[in-house]
2 protein chains.
Amino acid sequence: MARAASSEPTDVRILELAAEHIRRHGLERTTVVAIAREAAMSHGNVYRYFPSKEALVDAVTDQWLKPIESGLRDICDGPDPAFDKLERILSAVQRAYRNKLEADPRIFDLFIEASVLGRGVARKHRLKLQAEVRAVLEDGMASGAFPAHDIRRALPLVFDICHRFINPPSIRADVELARAQIEGRFERVLRALRRTLGSAVL
Amino acid sequence: MARAASSEPTDVRILELAAEHIRRHGLERTTVVAIAREAAMSHGNVYRYFPSKEALVDAVTDQWLKPIESGLRDICDGPDPAFDKLERILSAVQRAYRNKLEADPRIFDLFIEASVLGRGVARKHRLKLQAEVRAVLEDGMASGAFPAHDIRRALPLVFDICHRFINPPSIRADVELARAQIEGRFERVLRALRRTLGSAVL
DNA sequence: CAAATGACAAAATCTGTTTTTTGTCATTAC
DNA sequence: GTAATGACAAAAAACAGATTTTGTCATTTG
C-alpha cells in the first residue's frame, strides 16, 4: 500500500490522502498541514499542486463525481428509447448519490456544501447532468417519443419533479428512510414523468 | 400602538415582542432577557407564560402557521372538485411560504430550523397539511375523480412530486429565482400531477 | 529546472476566563 | 391567589491572548 501510494504521481497521492483524511475525520478536522504531514512533505509543497485548500477539497469531490458523469455519458450514448435513457440517467444519479451518502457521508457532505454554495465543482456537475438530460429530451422530441416540443419547459419540469431524489440536501434529509422505500417512490414519480412527457401538452 | 400592546393579554404581548425582536435581529441575537426588558418585566416572569425559550420561539412560528392551516381547512371544506381543491391547497401553501420567506426571512428561518430538526410545531403542521391532502385524495377517489385507489401510494406521490415547492429548505434555496418563474413551473408540475392522478395506474 | 523546503504575514482556530443567559424558585405585591 | 420579582446555579456566549493554519515566496536540493 505504501508502495502503491508512492508510485502514484504526487498530486494524486495528495488527493487520496486528503480524501482519506476527510473520510475519517470530516472536513472541519482536516488541515493542509496534516495532509502534508501524512504525505511526508512540507505543507507549502501541497500548494504546488493545488492552489488552495478549497481547490483541493473540490478536487476530492470531483474525484467521485467524474465516474458518475462518465456513466451518464454511456447511458446517453446508448441505443435505448429516449424515455428509458432518461429514466436510467435519473435513477443512476439517485443511486450514486445515495450510495455515496451511505458509504462516505463526510465526502458527500463536501458535495452538499458545494451545491448549496454554488461552487464550481457542483455547478459544473449539475450542468453536465443537465446537458445529458437535455440531449435525451431533444432526442426524444425528434424521434416523436415526446410529443411536447418546448425544451425550455420540459427540462425544468424533469428536474422539478425529481427534485427530492436528485437534490443533494434533500437526499441527505432522507437518509433515515429505507432505501427500498425511496426507490419505490422514485419509480412511481418516474412513471408519472413518463406519462407527462408522453402527452402533448406540458 | 403602545396602548394596543398593553391591552392584550400578557402572553400575546410577549409573543409579539418576541416575533418583532426576531424579525429585526434574527434568532441568534434574541434573548429572553431582552424580550422581557422590552415588555418591562423581569425575565423570570416570561417563564410563567412560556416554559422555555424554545417553546416561545415555536409559538412565534405557530403564530403564522395557524392562519395558513385554517385557510387550508376552508379550501378542503369547500364544494370544488377534488383536484381543484388539491391544487388550491398546494398552491396556497407554496404561496404562503414564499410570502413569508420574502416578508420575514428571519421568521421563516425558524420554520426551516423546526422542519429540519423535526420539532413539534413543524411536525404538527406537516401532519395537518398531510391530513388535508389525504382527505381530498380520498374524496377524489370516492367520487371517481382519481381512478387509482391506493392512498398509501398516492399521498407520498403528491408530496414527492411537489417537494421542491413545498419543502421549507428547498423554498429558501430558490429565493433568488423570480416568483413568477417558480409559479409557472409549479403550475406545470401540478398539471403533471393532475394527469397522473387522473389515470388508473400509479 | 522541476520538486521541495522553510520562513513568514495574515487569518482562523483554540483555550482558558469573564460575562451573559437560561431556567428555577422562594418571596413579595396586589 | 394570580402576577410579578429578584436572587440564584448551571449552561452558553463573549472575549482576549496564545497557537495553528492558510497561503506566498525566496531559497535550496537533486
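Confidence in this predicted model runs high for chain A: the mean pLDDT is 94, with 97% of the residues of chain A at 70 or more. Broken down by element, helix α10 (residues 168-173) of chain A comes out on top with a mean pLDDT of 98, while helix α1 (residues 2-7) of chain A sits at the bottom with 50. The weak spot includes residues 1-5 of chain A, where the pLDDT drops below 50. Leaving aside near neighbours in sequence, that stretch makes one contact in the model.

Turning to the pair of protein chains, a turn of 180° with a shift of 0.0 Å along the axis lays chain B on chain A, and the RMSD of the fit is 0.0 Å. The two copies are therefore related as by a two-fold rotation axis. On the chain B side, B:Ile161 has the C-alpha nearest that axis, at 2.5 Å. Both copies use the same surface to meet each other, as 100% of the contact residues of chain B recur in chain A.

As for what builds this contact, chain A puts in 17 residues and chain B puts in 17 residues. On chain B, three helices, α9 (151-166), α10 (168-173) and α11 (179-198), give at least two residues each to the side touching chain A. Of these, α9(B) provides the largest share, with seven residues. The chemistry of that side of chain B is a mix: seven residues are nonpolar, six are charged and four are polar.

Then there is the DNA. Around strand C there are 15 residues, and those that come nearest are A:Met41, A:Gly44, B:Val32, B:Gly44 and B:Lys53. Both chains thus appear in the list for DNA strand C. Chain A contributes two or more residues to this surface through α4 (43-49), and chain B does so through α3 (32-38), α4 (43-49) and α5 (53-77). Polar residues number eight here, next to four nonpolar and three charged ones.

DNA strand D is also surrounded by 15 residues, with A:Val32, A:Gly44, A:Lys53, B:Met41 and B:Gly44 the closest. For the surface near DNA strand D, the elements giving two or more residues are α3 (32-38), α4 and α5 (53-77) from chain A, plus α4 from chain B. By class, the surface near DNA strand D holds four nonpolar, eight polar and three charged residues.

How values were computed:
Residues numbered from 1 in each chain as written. Chains lettered and ligands numbered in written order. Predicted model: local features only at pLDDT ≥ 70, side-chain atom pairs only at ≥ 80, totals over all residues. Least-squares fit on C-alpha atoms with pLDDT ≥ 70 in both. Contact = placed C-beta atoms within 7 Å. Near = placed C-beta within 6 Å. Helix = DSSP H or I, 4+ residues; strand = E, 2+ residues; numbered from the N terminus. Nonpolar A, V, L, I, M, F, W, Y, C, P; charged D, E, K, R; others polar. pLDDT = per-residue confidence, 0-100.
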